[in-house]
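Biologist: I should be grateful for a close look at a single part of this model. Please examine the central sheet and then describe what surrounds it.

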Amino acid sequence: MENKTPAIEIEKLGKVYTRGKEEVTAIQEISLKIPEGKFVSIVGPSGCGKSTFLHIVGGFIPKSSGKVRIRGKEVDKPGPDRGMMFQESALFPWKNVFDNVAWGLEIQGMEKSKRDEIVEHYLKLVNLWDFRKNLPSELSGGMKQRISLARVLAFNPDVLLMDEPFGALDAQTREKMQVELQRIWQESNKSVMFVTHDIDEAVFLSDIVVVFSGRPAVVKEIIEIDFQRPRTLDVHKTQEFMDIRNHIWDLLHQEQGTSDEEGM
Amino acid sequence: MKKGWKFLIEYQSLIWIVVAWELVVFLQIMPERLFPSLSKVLVVAFELITTGMLLENLPITLFRVFAGFALAAVVGVPLGLLMSRSKLLNDLVQPIFSLGFPIPRVALYPILVFILGLGSASKITMIFLECLFPIVLNTYYGSTRVGKLYLWAAQNMGANRSQVFWRVLLPATMPSIFTGLKIALPMAFIIAILTEMIGATAGMGYLLTYMSASLMQEKVLACVVLITLVGYLLNLLIQKIQRKYVFWQ
């Protein structure tokens, strides 16, 4: 296991912004390995640069230093090897659900019959096949994110990158989506890098939780979580869950404490 | 019945104008020669249709309108989109549009006539120039405001630059493009008539000037009524097209 190429390998990644004449360090230096098939969450205080970090891994914004490798191959541009899911729905409002999911496959030149088969498979996987002819504007927030997940899975990326995908949903929908995501993830067997500010969500979903410090971001702690899968929402009530949760809460709270003092 | 009532309420402001008009005529506030009754105007308008004068002139005007408008759309939409993508192009072109916008461009018409003559060419060029501004500016500002997530999602799915441009940026900007087109089309019609009034041998503007030479106001007003009607229909047309292409809003 240890010697295998990691699904995602980040080596000494740094990000410095120039704001006017000032140089702002958003990410100090982060090295991280995400093993094949694992679900890894990144939590950190808000504004710590965890979304920036994910966008750099996705290739959407340039990094200042370091390297990102996907299955050993260095990348610095967006590409279908990394399936990205955003906080807000990025579904095309002018395409119906079916065509949205088919879009990536069409762009990549896949023939129609094969394409239709794949789209059908993933729309059924997220239980929204009946809504294939609807426009995104006719769907609820939770449904849109399920479609987004189907769209990403359809083009079969090596890894999934998820940027607070349930951040805009209400608490109940959110829990349902977490259970759904676990089910779909277990079927697809993909490596996931999941950014969230919700500790419960991170602990519930992940094999590994990476805790970032406040700005400039560094890795503060890496926590392995080995509850049995599939997990049910009841896992929230166990003592181990609460212990891990409280530990992460303390880590983040220390952070916020120090940044508050800085503010004063 | 209900529909007719709704229609009446929607257009009630027009009814007040008609009533006020007829009142002015009835009370003889202005001499009839200068201010003919609406019924008289409508009779003349009807005559213009039956004698074929409308059919002789309207197609020529419409041809100029659509030619100039289409040319402006074909050039303006890609230009506006490209300006939002390329800083270099934007730096080169933006000053022309910012400085050129407040210029009364019709003032350039005599120069265009000098170069292109009094026929359709000078008029189409004038309409093209006039329409280019709202189309380019609305397309440009609209496409700078397209959510970056759409573009990122497309790149993520492996779309190359031209696929992102034509298959994401263009449809995502469509609502703003139509805002520009909806401003441009009536302008095209107005400029066509105006330039035809300045100098032409055919067209609705020509007909209007020709009629006013008779010094009979009902003939001029009949032309105005017909022009208004055509302008209204043009507006309906572009709204229909908009509903077809921007169905998701």
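Modeller: In chain A of this predicted model, residues 8-239 carry the label "domain: ABC transporter" in an unreviewed UniProt entry. Over that stretch the chain is 32% helix and 27% strand, and the C-alpha atoms at its two ends lie 32 Å apart. Chain A as a whole contains 7 helices and 10 strands.

The sheet you ask about is an open one of 6 strands in chain A, arranged in the order β6-β7-β8-β3-β9-β10, with mixed pairing. Its two edges are formed by β6 and β10 (219-224) of chain A; each has a single partner strand, so one side of each lacks a neighbour in the sheet. Direction ignored, neighbouring strands of this sheet are turned by 15° against each other on average. As a general matter, the strands of a sheet are paired through backbone hydrogen bonds, in either a parallel or an antiparallel sense.

Strand β3 of chain A, residues 39-43, stands between β8 and β9 in that order and merits particular attention. Of its 5 residues, 5 are buried, so β3(A) is largely enclosed by the rest of the structure. The side chains divide between two directions: F39(A), S41(A) and V43(A) point one way, while V40(A) and I42(A) point the other way, and all of these residues are buried. For the term buried, the criterion is 20 or more other C-beta atoms within 10 Å of the residue's own.

On one side, β3(A) pairs with strand β8 of chain A, residues 191-195, in the parallel sense over 4 bridges. Within this pairing, V40(A) is placed opposite M193(A) of β8(A). The pairing of β3(A) with strand β9 of chain A, residues 208-212, is likewise described by 4 bridges and a parallel course. Here S41(A) has V209(A) of β9(A) as its bridge partner. Continuing outward from β8(A), strand β7 of chain A, residues 159-163, runs parallel to β8(A) and is joined to it by 5 bridges. In that pair, V159(A) stands opposite S191(A).

Several backbone features occur in the segments leading into or out of these strands. The loop between β9 and β10 of chain A holds P216(A), and the peptide bond from R215(A) to P216(A) is cis, with omega near -10°. A cis peptide bond also joins R229(A) and P230(A), with omega about -5°; P230(A) is located in the loop between β10 and α7 (239-263) of chain A. In the loop between α5 (171-188) and β8 of chain A one finds N189(A), a residue other than glycine whose phi is positive, near 65°. N189(A) has 8 C-beta neighbours inside 10 Å and therefore counts as exposed. A positive phi, near 45°, is likewise found for K12(A), which is not glycine. K12(A) belongs to strand β1 of chain A, residues 8-19, and its 11 C-beta neighbours inside 10 Å are the reason why it counts as exposed.

The overall form of chain A gives the setting for this sheet. For 264 residues, a compact globule would have a radius of gyration near 18 Å, and the 19 Å of chain A agrees with that expectation. Along the principal axes, the C-alpha atoms of chain A fill a box of roughly 55 × 45 × 40 Å. Buried residues account for 39% of the 264 residues. Of the contacts in chain A between residues at least 6 apart in sequence, 73% join residues at least 24 apart.

The edge strand β6 also leads to the partner chain. In all, 20 residues of chain A are in contact with 12 residues of chain B. On the chain A side, the elements that give two or more residues are β6 (82-85) and α2 (97-107), and α2(A) gives the most, with 3 residues. By class, this side comprises 13 nonpolar, 6 polar and 1 charged residues.

For chain B, an unreviewed UniProt entry annotates several stretches as "transmembrane region", among them residues 124-143 and 187-208. Residues 124-143 of chain B are 100% helix and 0% strand, with their end C-alpha atoms 27 Å apart. Residues 187-208 of chain B are 77% helix and 0% strand, and the end C-alpha atoms of that stretch are 18 Å apart.

Methods. Residues numbered from 1 in each chain as written. Chains lettered and ligands numbered in written order. Predicted model: local features only at pLDDT ≥ 70, side-chain atom pairs only at ≥ 80, totals over all residues. Rg over C-alpha atoms; globule rule 2.2 N^0.38 Å. Buried ≥ 20, exposed ≤ 12 C-beta atoms within 10 Å, placed from the backbone. Contact = placed C-beta atoms within 7 Å. UniProt positions renumbered as here; feature names shortened; annotations may be inferred. Pairing = 2+ DSSP bridges. Nonpolar A, V, L, I, M, F, W, Y, C, P; charged D, E, K, R; others polar. Axes fitted to C-alpha atoms, helices over the stretch in contact; angles between N-to-C directions.
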